[in-house]
Amino acid sequence: MSKIGILGAGTWGMALARMLSNSGHEVTVWSALPEEVDALSSTRAHPNLPGMVIPEGILFTKSLETVCTGRDLLLFVVPSVFVRRTAHDAAAFMKDGQLVADAAKGIEGDTLFTMSEIMADEFGKAGLHGIRLVVLSGPTHAEEVAKDMPTTIVSASASLKDAEEVQDIFMNTCMRVYTNTDVKGVELCGALKNVFALLSGISAGLGYGDNARAGLITRGLAEMIRLGQAMGCRMETFFGLAGVGDLIVTATSTHSRNNQAGYLMGRGYTPEEAVKKVGMVVEGVNALPAAIRLRDLYGVEMPIVTALQAYFEGRITASDIVTSLMGRDRTTEMIGQSAADLMSRTLPERMEDTLQP
Ligand SMILES: NC(=O)c1ccc[n+]([C@@H]2O[C@H](COP(=O)([O-])OP(=O)(O)OC[C@H]3O[C@@H](n4cnc5c(N)ncnc54)[C@H](O)[C@@H]3O)[C@@H](O)[C@H]2O)c1
């Protein structure tokens, strides 16, 4: 059994802490908020996970040094905006060669770094060049993990050995873990799917139905894949758990804050009001500026991102987003190819064609 330090005591951090503790691991949880540490350790309950009992075996600490010392695995689960600061502060207490997993999803707006790239950056600045970084991502709502419902997730690392080490720690009867070495693709999916989930929620808030939602998910996936291809990511990732899997769950589930926030925007709330009303991190709003910059940097057509950009910049209303997408020039899923051309090409070549704008 492993000694695990968890940095972040939000809904995802606490759902994973409970699961890992129940699988027999020794778990210590740190939070940046002292009052949160006091409340969690005394009530053994989390306000956003009703009914979940925090096992007595889980220890809480306000000390970064304590949570980082003597651990087989350090798991970072703070919202994306706090990852850089937390990695910077934690680095002072970490040893080189430490196994570290990140479960936060996002892309930093100004550097365009993914979460693991931010962490590698901060660890490197602290002279830690041998930290073994793994990313965890997939269709994993904390609310369901907290109830031991079957869940699948991806453990991604450039080192398959490190990904497998984390896979072994997280595998249990309720959680099935798949490895992946396309770290960039996994992290890109984890950040972008939240952006598309916002629009799925907006569409529902406007009163549109399942047809619109399915269309948005499918065309959102096409945008994710086009950008991922331009950035050199692997296509299997986008058709896997961290890609289409997480996109489906985030764009359809009532547990999704991105979906909920979008719904409120569709009902007429401003983005600021919607995020405030949801009351927890809405990573799609944080990730949109990065999606816009990546679109421009790689010259990829991303009509959904463009429509959301216009809405968030106050140039169009929520209902104009759907009107503008429906009113785009006619196009095809198989750009520039006749059926005969397509049939004369190999399957991988045809798949590439299908994913053109
Ligand atoms: N909730 C889920 O189901 C889920 C699933 C998979 C991935 N994630 C990802 O995990 C990350 C965390 O999500 P969450 O749902 O736990 O968010 P949350 O809104 O529940 O997290 C809030 C927590 O952030 C921490 N925090 C607050 N201020 C901080 C600061 N200044 N520095 C460091 N930490 C601070 C506190 O522990 C607080 O409880 C996000 O990137 C999210 O996308 C969440």
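**Exercise 1. Count the helices and strands, then work out how compact the chain is.**

Step 1: The chain holds 18 helices and eight strands; helices are DSSP runs of H or I with at least four residues, strands are runs of E with at least two, and numbering goes from the N terminus. This is a predicted model, where local features need pLDDT of at least 70, side-chain atom pairs count only at pLDDT 80 or more, and totals for chains, interfaces and linings use all residues. Residues are numbered from 1 along each chain as its sequence is written, and side-chain values use heavy atoms, with hydrogens and water left out.

Step 2: The radius of gyration is 21 Å, close to the 21 Å that the globule rule gives for 357 residues, so the chain is as compact as a globular protein of that length. (The radius is taken over C-alpha atoms, and the rule is 2.2 Å times the number of residues to the power 0.38.)

Step 3: Along its principal axes, the C-alpha trace spans about 60 × 45 × 40 Å.

**Exercise 2. Find what share of the chain is buried, and how its contacts are spread along the sequence.**

Step 1: Of the 357 residues, 53% are buried. Here buried means under 20% relative accessible area, exposed means over 50%, and partly exposed is in between, using a 1.4 Å probe and protein chains only.

Step 2: Now take the contacts (heavy atoms within 4.5 Å) between residues at least 6 apart in sequence: 69% of them join residues at least 24 apart.

**Exercise 3. Split the chain into domains and look at where they meet.**

Step 1: Domain 1 covers 3-181 and domain 2 covers 191-326; such bounds come from an automatic or database domain assignment.

Step 2: The centres of domain 1 and domain 2, taken over C-alpha atoms, are separated by 25 Å.

Step 3: Domain 1 puts 24 residues into the contact, and domain 2 puts in 21 residues.

**Exercise 4. Explore helix α11 and place Gly243 in it.**

Step 1: Helix α11 runs over residues 241-252, and its buried residues include Ala242, Gly243, Gly245 and Asp246. Leu247, Val249, Thr250 and Ala251 are buried in this helix too.

Step 2: What lies over them? The cover for the buried residues of α11 includes strands β6 (132-137) and β7 (151-156), along with helices α8 (183-205), α9 (210-230), α10 (235-238) and α12 (257-266).

Step 3: Zoom in on Gly243, which sits in helix α11 and has a relative accessible area of 0%. Leaving aside residues up to four places away in sequence, Gly243 touches Cys189, Met224, Thr237 and Phe238.

Step 4: Try a distance as well: Gly243 and Ile217 are 26 residues apart along the chain, and 11 Å separate their C-alpha atoms.

**Exercise 5. Visit three loop residues and decide whether each is buried, partly exposed or exposed.**

Step 1: Arg44 is in the loop between α2 (34-43) and β3 (59-61). Though not a glycine, Arg44 has a positive phi of about 55 degrees. Its relative accessibility is 13%, so Arg44 counts as buried.

Step 2: Asp148 is in the loop between α6 (142-145) and β7. Asp148 isn't a glycine either, yet it has a positive phi of about 60 degrees. With a relative accessible area of 36%, Asp148 is partly exposed.

Step 3: Gly299 belongs to the loop between α14 (283-298) and α15 (303-312). At 64% relative accessibility, Gly299 counts as exposed. From Gly299 to Ala101 it's 198 residues in sequence and 32 Å in space, C-alpha to C-alpha.
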